[in-house]
Protein chains: 4
Amino acid sequence: MQRLDLATATQIASAAIRAARELGLKPMAAAVLDAAGHPLAVLRDENASFLRPQIATGKARGCLGMGFGGRELARRAQAMPAFFDAINSLTGGEVIPVAGGVLIRNAAGELLGAIGLSGDTSDNDERCALLAIGAAGLVADSGDPQPA
Amino acid sequence: MQRLDLATATQIASAAIRAARELGLKPMAAAVLDAAGHPLAVLRDENASFLRPQIATGKARGCLGMGFGGRELARRAQAMPAFFDAINSLTGGEVIPVAGGVLIRNAAGELLGAIGLSGDTSDNDERCALLAIGAAGLVADSGDPQPA
Amino acid sequence: MQRLDLATATQIASAAIRAARELGLKPMAAAVLDAAGHPLAVLRDENASFLRPQIATGKARGCLGMGFGGRELARRAQAMPAFFDAINSLTGGEVIPVAGGVLIRNAAGELLGAIGLSGDTSDNDERCALLAIGAAGLVADSGDPQPA
Amino acid sequence: MQRLDLATATQIASAAIRAARELGLKPMAAAVLDAAGHPLAVLRDENASFLRPQIATGKARGCLGMGFGGRELARRAQAMPAFFDAINSLTGGEVIPVAGGVLIRNAAGELLGAIGLSGDTSDNDERCALLAIGAAGLVADSGDPQPA
């Protein structure tokens with residue numbers, strides 16, 4: 001089975017932060033985790049505020065820990081607030097249920113890992129994640145009913 | 001780039017607490033942090049209750065960690081409760097999304113740090129922060145659409 | 001009973017940091033707590049490293065929480081390591097048993113609060129604490145058998 | 001004052017992990033933090049065990065929080081075990097007092113940040129840190145009496 005390696009993770013995280021710069025968005029942090037939820041590359045634009053790496057990691061880790069992209073997590077958090085409150089306490093807040101957390105799959109649909117972005121609006125965060133995953137020739141699963 | 005030093009931070013924190021006394025508000029604590037979120041001056045009126053320094057620090061630290069004044073954090077917390085619940089757990093409560101946390105900038109708009117006030121209503125807390133920042137010749141960014 | 005107020009606490013903490021500068025010591029943080037262990041003034045030289053305020057607070061809080069100056073805490077920590085390990089876990093590390101934490105008393109021997117200093121060696125930290133307490137006309141209790 | 005940016009931090013962290021591979025050492029994680037202790041680039045070799053990024057971050061953060069390279073922290077931890085036990089509890093273990101944490105300075109001696117390496121022995125971890133800092137044209141401060 002294919003695994004995400006450091007070189008690819010660094011490439012994806014760098015590309016996501018560069019996309020934010022090129023699109024004129026706020027400075028971002030990006031976290032790329034392997035399928036087990038462990039970090040391969042966590043990068044922060046030197047102008048991004050200092051909680052962004054933790055938030056980016058929490059978006060990615062929540063996707064992997066629950067098995068859905070951030071948009072699906074957001075829908076569930078809205079429908080089941082008490083469940084997500086318990087998850088928050090249980091995990092120390094490492095499940096952040098908003099857009100900007102995206103599962104990374106290969107062309108065969110196998111799960112390779114996830115990326116989380118944080119810095120601008122959730123929609124803009126996700127946009128940079130999708131661009132970076134696409135540029136690496138991999139497939140993004142944002143939790144959208146029509147897969148991105 | 002300009003940095004906030006201890007003398008200026010002590011002056012701002014002292015002026016904020018003095019403003020509360022002069023305005024007849026409840027006794028307050030004030031926390032002035034540098035741009036990286038580390039404390040320079042945390043002061044508590046001897047008649048303020050004992051959680052006030054932690055709350056003041058959390059208001060200031062949240063502004064710096066997320067990159068917005070407290071009024072913008074409050075708006076976002078209302079719009080995205082699940083996101084802020086997760087941030088609470090993730091950071092051990094160090095992001096306190098209410099008015100009274102204010103970014104401190106110089107005339108050029110550069111971020112120098114933040115102040116948090118706690119003791120009276122959020123609006124009154126913020127009022128003292130704005131007075132103290134202005135008295136130091138610096139610029140307050142409270143997260144208000146019309147910048148203070 | 002006499003209480004420590006914000007003005008006196010700020011004066012003592014400022015004097016301690018100024019003493020370190022005048023003596024050519026490393027930049028310091030100072031924490032002055034009231035007799036109940038709650039902060040009145042926590043100040044950090046803008047060139048002191050960022051853990052110093054927490055360490056200074058822990059030195060002062062340990063003195064108040066256990067009822068001895070830092071030198072006596074250090075002696076006990078050496079004699080009873082398992083006890084202090086348990087205290088560490090119990091209190092989340094807020095008892096830091098080294099010199100540089102000093103009880104503050106009035107001339108009648110009443111306990112008013114404590115100061116903790118951190119930045120240079122423990123001996124130099126304590127030296128600045130003693131100077132600052134003396135300059136405020138109060139009495140330092142460092143835990144030395146011959147009271148300072 | 002010069003700041004470490006994301007591009008330089010990524011270059012240093014990548015070079016450190018590559019050095020470990022080229023020297024036939026165990027796979028490593030590298031954490032490069034800015035002078036305030038906030039992460040710019042945390043990278044993990046895909047074959048390194050999963051606690052390595054946290055340990056690498058703790059080595060770097062401890063150096064910055066206390067103001068010394070890892071070798072000096074290690075000497076102090078040996079001389080003052082009760083102090084470092086308390087620091088451990090106080091900071092949730094984010095001060096890891098061993099070689100492999102190295103301050104990063106410019107030619108003028110200004111503090112720009114720190115790197116932590118984890119994966120092999122502390123000596124080998126530090127060796128990779130020194131190689132990577134040197135390759136970036138910056139100056140390593142490992143806490144050695146004869147500065148590296």
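# Two interfaces of chain D

Guide: Chain D and chain C bury about 1,500 Å² between them, and 66% of that area lies on carbon and sulfur atoms. Within chain D, the residues losing the most area to chain C are D:Gly65, D:Phe83 and D:Leu90, which together make up 34% of what that side buries. This is a predicted model, in which local features need pLDDT of at least 70 and side-chain atom pairs count only at pLDDT 80 or more, while totals for chains, interfaces and linings use all residues. Residues are numbered from 1 along each chain as its sequence is written, chains are lettered from A and ligands numbered from 1 in the order in which they are written, and side-chain values use heavy atoms, with hydrogens and water left out.

Visitor: What makes an area count as buried between two chains?

Guide: Buried area is the accessible area, taken with a 1.4 Å probe, that two parts lose on being put together, summed over both, so the figure of about 1,500 Å² belongs to chain D and chain C jointly.

Visitor: How many residues does the contact take from chain D and from chain C?

Guide: With contact meaning heavy atoms within 4.5 Å, it takes 19 residues from chain D and 18 from chain C. The interface has 0 salt bridges and 6 residue pairs in polar contact, both residues at pLDDT 80 or more. A polar contact is a pair of N or O atoms within 3.5 Å, where, within protein, one must be able to donate a hydrogen and the other to accept it, and residues adjacent in sequence count only if both atoms are side-chain atoms.

Visitor: Why is the meeting of D:Arg44 and A:Asp34 called a salt bridge?

Guide: The term requires a side-chain nitrogen of Lys or Arg within 4 Å of a carboxyl oxygen of Asp or Glu. The side chains of D:Arg44 and A:Asp34 meet at 2.7 Å, N to O, and therefore satisfy that rule. The count between chain D and chain A is 2 salt bridges.

Visitor: What makes β2 of chain A and β2(D) a pair of strands?

Guide: Strands (E, at least two residues), like helices (H or I, at least four), are DSSP runs numbered from the N terminus, and two strands pair if DSSP finds at least two bridges between them. Here 3 bridges join β2 of chain A, residues 39–44, to β2(D), so the condition is met, and the strands run antiparallel. In this arrangement A:Val42 stands opposite D:Val42.

Visitor: How do you know what kind of axis relates chain D to chain A?

Guide: Copies are superposed by least squares on the C-alpha atoms of residues with pLDDT of at least 70 in both. A rotation of 180 degrees with 0.0 Å of shift along its axis lays chain D on chain A with an RMSD of 0.1 Å, and the two copies are thus related as by a two-fold rotation axis. Moreover, 100% of the contact residues of chain D recur in chain A, the same surface serving both copies. Of the residues of chain D, D:Val42 comes closest to this axis, at 2.5 Å for its C-alpha.

Visitor: Which relation holds between chain D and chain C?

Guide: Chain D can be laid on chain C by a turn of 85 degrees and a shift of 0.4 Å along the axis, with an RMSD of 0.1 Å. That is the relation of a four-fold axis.
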